Every structure is written in structure tokens, then in C-alpha cells.
Amino acid sequence: MIRLPIFSVHSVLSMSNSAITIQGRALDTIKLKSNVFDLSSNLSCIEEIIIGNKQSSQLSIMSEGIVTIKIDKDSFDIGEFLYGEQANDYRQTISLEQATDMAEKFIHQDLLDYVEEPNVLFLHEVTLEAEYCWFFFYNPKIIIPEEKWLLKMLGAYAISKKGEVSHTYNYLDDPVKARDYLKAMSGYFNKKGL
């Protein structure tokens, strides 16, 4: 059984025989009393959510916070992620090569007005891959004017393994956030069947 990651574990703050407190980032909306699972599908429950110094009833997607979960220390295995619902059956319908061609066309449209050299590549050499999608990034050598702030902010495309395209954020300057966002988008594509 494959489960979707819903919380990226950045550090374990405390652990007892009955609870563990973890700092990290939500990859989906997490609510108080939600069920969570470890990689082996051992069940736990969110007992507390803290954002900053305040208790909260939920942690929104891509928000950082601290969660405390109830555990049986001998059977709950904290890894890189806490998991939620079972992933939907998902069949990849496009190849990496097809996704790369799609990304190149979209990025070419976005950046054509800002290219000064005729043979410049539009795609960044880095591509990230998750279970249900890839991330493609703008070539950082292409200078986008400051007044095009939205285009600068959305410096990437997420393309699902079924061909769904989403203009998205570029977090390559923060590897942990980039990994977390990739996992969040991958889970989104699976949940929506895209």
C-alpha cells in the first residue's frame, strides 16, 4: 500500500514512550486529531499543532510548524515523512521526454521576450522528479525584468506524469523547501487524478 506524504520531518524535538514532537512542513492540510502513518503504515494521531508559539487547529499546506503525535515507541518509525491517506491508483501516461518538450514550449513562451542570445537554452539543467510529477525550471541565465515579479516568482512548471501542467514556484535556492514542494505537488496530482 502506497500512502501520500503529508508532513515533511525536519527534526525530532522530543520523544517519549507515548508521544513524539516533530518540527517540519505540511505537504497537505493537517488538522488536529488527524490520523497519520509512518512508512510501515503504523497509525498515529495528531495531538497538538503549534505555529510559531501558538497552538492551532490546523497546519496549511507548505506551512512550517510543530506537531505532536501519539505513538507506541516500539512500533512507530519516524522517517523523512509522516503519511496520510492511501494514494490513488495512478498510471503514468507521458514520458520524461514528452514532459520536457512540454516544459520547454511553455518556458519558451514565457521567456522569449527576455532572451538576448539566439542560442540560449530556456530550461535550467536541473529537473526534479517525484512519484507523480516532474519540476522544470527557467534557465537562471535569462534575466527577467523586476516589473515582471510574478513571472520571476513562478519560475518553474510542474508537469504531472499524466501531462497536467501547472505554472509553479521555484524553490531551488532552498533544497529542503524544493523537496517538500515537489512532494506536495506530487500528492496533489495523485489526489486529483491529474
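1. Contact here means heavy atoms within 4.5 Å. On that basis, among contacts in the protein chain between residues at least 6 apart in sequence, 60% join residues that are at least 24 apart. The coordinates under discussion are those of a predicted model, and the points below should be read with that in mind.

2. As to overall make-up, the protein chain carries 3 helices and 13 strands, and its C-alpha trace spans about 65 × 40 × 25 Å along the principal axes. Of the 194 residues of the protein chain, 42% count as buried, where buried stands for a relative accessible area under 20%.

3. Turning to the surface, the protein chain exposes about 10,900 Å², of which 49% is supplied by carbon and sulfur atoms. The protein chain has 19 positive and 27 negative charges, and the mean positions of these two sets lie 7 Å apart.

4. In soluble globular proteins, nonpolar side chains tend to be buried together. In this model the largest nonpolar core is made up of 22 residues, and those with the most contacts inside it are Tyr 132, Cys 133, Phe 135, Tyr 181, Met 185 and Phe 189. The elements that give two or more residues to this core are strand S9 (81-86), strand S11 (133-138), strand S12 (156-160) and helix H3 (175-192), and of these H3 gives the most, with 6 residues.

5. Met 185 deserves a separate word, being among the residues with the most contacts inside that core. Once its neighbours within four places in sequence are left aside, Met 185 is in contact with Cys 133, Phe 135, Ala 158 and Ser 166. Apart from the core just described lies another one, of 17 residues, which includes Ala 103, Tyr 138, Ile 142 and Tyr 157.

6. The pairing of strand S1 can be described through two partners. Strand S1 (residues 3-15) is joined to S9 by 4 bridges, the two strands running antiparallel, and in this pairing Phe 7 stands opposite Leu 82 in S9. S9 is also one of the elements that give two or more residues to the largest nonpolar core.

7. The other partner to be mentioned is strand S2 (residues 19-26), to which S1 is joined by 7 bridges, again in an antiparallel arrangement. S1 and S2 form a hairpin with 3 residues between them, and Met 15 stands opposite Ile 20 in S2.

Methods
Residues numbered from 1 in each chain as written. Predicted model: local features only at pLDDT ≥ 70, side-chain atom pairs only at ≥ 80, totals over all residues. Heavy atoms only, no water. Buried < 20%, exposed > 50% of the residue type's maximum accessible area, 1.4 Å probe, protein only. Areas by Shrake-Rupley, 256 points an atom, 1.4 Å probe, with all protein chains shown as cover. Lys, Arg positive; Asp, Glu negative; His and termini not counted. Charge placed at Lys NZ, Arg CZ, Asp CG, Glu CD. Core = buried A, V, L, I, M, F, W, Y, C linked by side-chain atoms within 4.5 Å. Pairing = 2+ DSSP bridges.
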